[in-house]
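Dear colleague,

I am passing on the structure below for your files, and my notes on it follow directly after. Please read them with the coordinates open.

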There are 4 protein chains.
Amino acid sequence: MLKLAYLGPEGTFAEEALRILAPDAERLPSANVSAALDAARRGEADGAVVPLENSLEGGIASTLDELAWGDPLLITAEVLLPVEFSLLARPGKEIGDIKRVYSHPAALTQCRGFVARELPDAVVVAAPSTAGAAQEVALPGSPYDAAIAARIAGEHYGLVELAGRIGDRSDTVTRFVRVARPGTLPEPTGADRTSLVAFLSEDHPGALLEMLTEFSVRGVNLTRIESRPTGDGLGNYFFHFDLEGHVADARVGEAISGLHRICADVRFLGSYPRADGLAPQIRRGTADADFSEAESWLSRIRSGLV
Amino acid sequence: MLKLAYLGPEGTFAEEALRILAPDAERLPSANVSAALDAARRGEADGAVVPLENSLEGGIASTLDELAWGDPLLITAEVLLPVEFSLLARPGKEIGDIKRVYSHPAALTQCRGFVARELPDAVVVAAPSTAGAAQEVALPGSPYDAAIAARIAGEHYGLVELAGRIGDRSDTVTRFVRVARPGTLPEPTGADRTSLVAFLSEDHPGALLEMLTEFSVRGVNLTRIESRPTGDGLGNYFFHFDLEGHVADARVGEAISGLHRICADVRFLGSYPRADGLAPQIRRGTADADFSEAESWLSRIRSGLV
Amino acid sequence: MLKLAYLGPEGTFAEEALRILAPDAERLPSANVSAALDAARRGEADGAVVPLENSLEGGIASTLDELAWGDPLLITAEVLLPVEFSLLARPGKEIGDIKRVYSHPAALTQCRGFVARELPDAVVVAAPSTAGAAQEVALPGSPYDAAIAARIAGEHYGLVELAGRIGDRSDTVTRFVRVARPGTLPEPTGADRTSLVAFLSEDHPGALLEMLTEFSVRGVNLTRIESRPTGDGLGNYFFHFDLEGHVADARVGEAISGLHRICADVRFLGSYPRADGLAPQIRRGTADADFSEAESWLSRIRSGLV
Amino acid sequence: MLKLAYLGPEGTFAEEALRILAPDAERLPSANVSAALDAARRGEADGAVVPLENSLEGGIASTLDELAWGDPLLITAEVLLPVEFSLLARPGKEIGDIKRVYSHPAALTQCRGFVARELPDAVVVAAPSTAGAAQEVALPGSPYDAAIAARIAGEHYGLVELAGRIGDRSDTVTRFVRVARPGTLPEPTGADRTSLVAFLSEDHPGALLEMLTEFSVRGVNLTRIESRPTGDGLGNYFFHFDLEGHVADARVGEAISGLHRICADVRFLGSYPRADGLAPQIRRGTADADFSEAESWLSRIRSGLV
């Protein structure tokens, strides 16, 4: 039976994402993103489900860095999950009793307005995950009065919901990805996304412009770009890219080969169906048929047969 | 007397940065980056010192977002601070006693190797700041056995250093900036940096390439680019840019005017001396003298006098 | 009374163009393009009318070079003239008698099909102008039997038209320009063209791409680009550009100032109303109002007032 | 025995070029460039030698257009020929007797200074070739007193040289090319040139910039660009390109395939050794080894083996 690690404990949004992506899989909760990915790497699980990007917080740094630096893993699927937060407390507490709130920093940021309005005097403390916060708050001697987490986490740990939908925006979405050890890629579906990481060969002026030109000249559109520090001093960055299309597409293949030629390193993170099912607009001259026709033409002229 | 807010409590790296940037200023510790910036905005302080970027963790999201969205503030100075971490505990504890470690997530990430090696069984808990972790650990009934923080924080709160220089890298640097309400800009020094935020007018393919071209065509080099979500659904980003030069420089002025024309909004975040004192390489034809000569030429030809 | 030089003798297409551009002007026929332009330069005429470009033959090299290298002249108007050729002979000749045909090489090229079909055995000789060919053919002892020229030239020199509209294409057009010594420019009309010449500062790879980027980044469209040799060895070229808009337009002014900054030399050849009256499509952010708004914004931020 | 057509009659610079390129070939003089190329096309000759470009006059329009539009021919070799002009007359004439000068327009332009200085009152008449002018002047009843042509033409037709080296510049060079019907290409030598013609698929703003980007992104340098009218009305151009490298080079092949994909048509005109023997500077990441390594990498990641 398929076993997938995820950012636990039970009750996280990641668990919800896993249930959507693989309803029948056995679930292995992990303490954090690194642990979930390492479980997949070491073969303790067949893969992992982790958050990659949030519409309010941006790229999830720990996931981005783990995928860039550790043993290679490939993204094989994605799911978009609306994120709704609740204020959860042990039974018997009321909102006026809440002096110390515990949650993941991303959740705290997304509920900043609610906290400022309804809990102006509360001390706010950062937790490693929202479900972990719920778990901690559920302990009898917990120093925290309430957690901000998914309602499902409250149900799981026996907390009551003092307030629901407390996020500053009602349309926050998190993108979760399923990753696996390298192996067969998902087939192209016509509405795919490709993720990769590129390290500059030298950080000269215009290097980013050059990288973007490798994509644009082949009509490949980016859907996300994220810079991350290499760790080698300030001002040294590498880049995460998400782009439209599948590595099996000719335009994508040529573009990332170009990137590979001019970069110190390019790590391929996978091609997989887009959760939103949006097919890319193919610019004139960049469809697979255009590339194969051009290749035939090139063969002809190379053999002197104009 | 000048009063500056900073990310407190006493003993943070931000305090150290503030002491370097303004040794004689009165210091107003704030609970978090938002609070420090708001103190500057509301006039409770004359400015604030906050972290902007870390060589290991990248841009500090809370600072980036606060500067982009709240009432305008201008960066007037920067300082680079080597970041060294210590494991700090109440007197009498030894390293074998440490079961629960408390620190800011960035510090925990930067000391991941030490913790895995020396404290493999410890539970690690996220704190709002490193100095805040030290403060909490110093409380007699604290549920935490040790903090990871700057040695100065340990001294401040009466903790002992169980281990020093425990970061995975010895060369980690954080860039702190001093901000103030809009007013006079620092004079150009010849080795300046300009920061700004740009919002796309529509997120069409190639929009980022267009923005970068506005810089490159005027010979303006970027030193940092950071994408941040606008909050309006996945895939919608705005961009933080740091670039070489002062807004008073002709090439910088024309480039960011060009950006202003093609973007929905550009927020200027200040021009200020670079902490590293590096002067930019001026590409042929982009010095101030070249711009003023070209302007004279244009005036002549516009009046029909070739 | 206004006096204009033109590529003579009487009966040339240039005379026809002059009559359209300045019906009441005194006409001064010149032996060739150089002579016409020199007459304008020396003040013997108030200006000159010369061909610049032909839809079949391309740029007229002698005009392009004269405008680039001699004393500066400015284009102040243009006219598009359909070019129709006739086979002209002395009275009494019939088409079967034509053994030697005389005309300007451009006209010979444009009537290549007719000559091959109707005069397969004729010897074809190059003349300095079509009207000059008609003039020569009209001489009693001329070694030539027929000229290819405009019908008007035949009428002028007393020749009969053996065949009309003999060009291979019926839609050939020549663009003639009126030039004058530098002085006041024509006012912008909203449908203007600007001509200029640019000399590279060094012929490095990508220099042309850089020049084109100066235009494209300000939304300035080119309508013509022509390379001409500098004379300094093979492979060294300078460039003629025609572009949409008037030098008084902000986007045009900034673009050609940019060109001026990166080139060894830029010679402005004038801004003048387009004969076809086509107004340019102004790309978002590049209208005059956008430039002046951006300038105000820049002034504000430079004075610290975000 | 190899037979090559050339722009005749005997004594032209083209004959000189042919003697260098193929000393032992049988020579077939032709009336003009078209005739020489047609002789090659129809198999009356094994190839042809024609001028392509002159350092003073630029591209030779008739050659450029013939290669672009007629049945395909391939350039297989090039030679650079210094061009020196002499004033040639029938024996007995002196310079004071010269009233009518006959020569090719390009030669007349290149000797403009000499003619203005030494023959200010002479009538100057255009001839189809310089050697043809010498041939005509040699006829007893010729209406012309002198020809401007190569000294060799004078020797050939029994004329005397009244003045030598009369060109305005002493370093004028013409590039002649040898063309043949399509067949095997010359092998790459490491110092090759590739010529081609590109027709835009639609003349939108920025089309030329897009074409140049196809070259620059693969590190392919252009050595010549020439616009020629398509004949379909003013402002519609196609482009001749000469570029560094051989179509067998990976970077050249990919670049011109890209051009082929975005253009209405690309006509390959051949890859052949450069006469100057200059090897191109290969930009990082664009050598053949870089391309084949990138291709292997792409195959690996496409099969899921990162």
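How far apart do the closest C-alpha atoms of chain B and chain D lie? They lie 13 Å apart, and no contact joins chain B and chain D, two residues being in contact if their C-beta atoms, placed from the backbone, lie within 7 Å. Chain A and chain C are likewise joined by no contact, with their closest C-alpha atoms 13 Å apart.

Some conventions come before the rest. This is a predicted model, in which local features need pLDDT of at least 70 and side-chain atom pairs count only at pLDDT 80 or more, while totals for chains, interfaces and linings use all residues. Residues are numbered from 1 along each chain as its sequence is written, and chains are lettered from A and ligands numbered from 1 in the order in which they are written.

Chain A has 10 helices and 15 strands, these being DSSP runs (H or I, at least four residues, for helices; E, at least two, for strands) numbered from the N terminus. The C-alpha atoms of chain A fill a box of roughly 85 × 45 × 35 Å along the principal axes. Of the 306 residues in chain A, 55% are buried, a residue being buried if 20 or more other C-beta atoms, placed from the backbone, lie within 10 Å of its own, exposed if 12 or fewer, and partly exposed in between. Among the contacts in chain A with a separation of 6 or more, 72% are between residues 24 or more positions apart.

Turning to the pairing of chains A and B, the contact takes 34 residues from each of the two chains. On the side of chain B that touches chain A, strand S11 (173-180), helix H8 (207-216) and strand S13 (222-229) of chain B each supply at least two residues, and S13(B) gives the most, with 7 residues. By class, that side of chain B has 16 nonpolar, 10 polar and 8 charged residues, where Ala, Val, Leu, Ile, Met, Phe, Trp, Tyr, Cys and Pro count as nonpolar, Asp, Glu, Lys and Arg as charged, and the others, Gly among them, as polar.

Within this interface, H8(A) and H8(B) pack at an angle of about 140°, with their axes 10 Å apart; axes are lines fitted to C-alpha atoms, for helices over the stretch in contact, and angles run from 0 to 180 degrees between N-to-C directions. H8(A) is therefore oblique to H8(B), since angles under 35 degrees count as roughly parallel, over 145 as roughly antiparallel, 65 to 115 as roughly perpendicular and the rest as oblique. Leu208(A), Leu209(A), Leu212(A) and Ser216(A) meet Leu208(B), Leu209(B), Leu212(B) and Ser216(B), and the contact between the two helices has 6 nonpolar, 2 polar and no charged residues. H8(A) is mostly covered, with 7 of its 10 residues buried, among them Leu208(A), Leu212(A) and Ser216(A).

As for chains C and D, a rotation of 180° with 0.1 Å of shift along its axis superposes chain D on chain C with an RMSD of 0.1 Å, the fit being by least squares on the C-alpha atoms of residues with pLDDT of at least 70 in both. The two copies are thus related as by a two-fold rotation axis, and the C-alpha of Ala126(D) is the one in chain D nearest the axis, 2.7 Å from it.

With best regards
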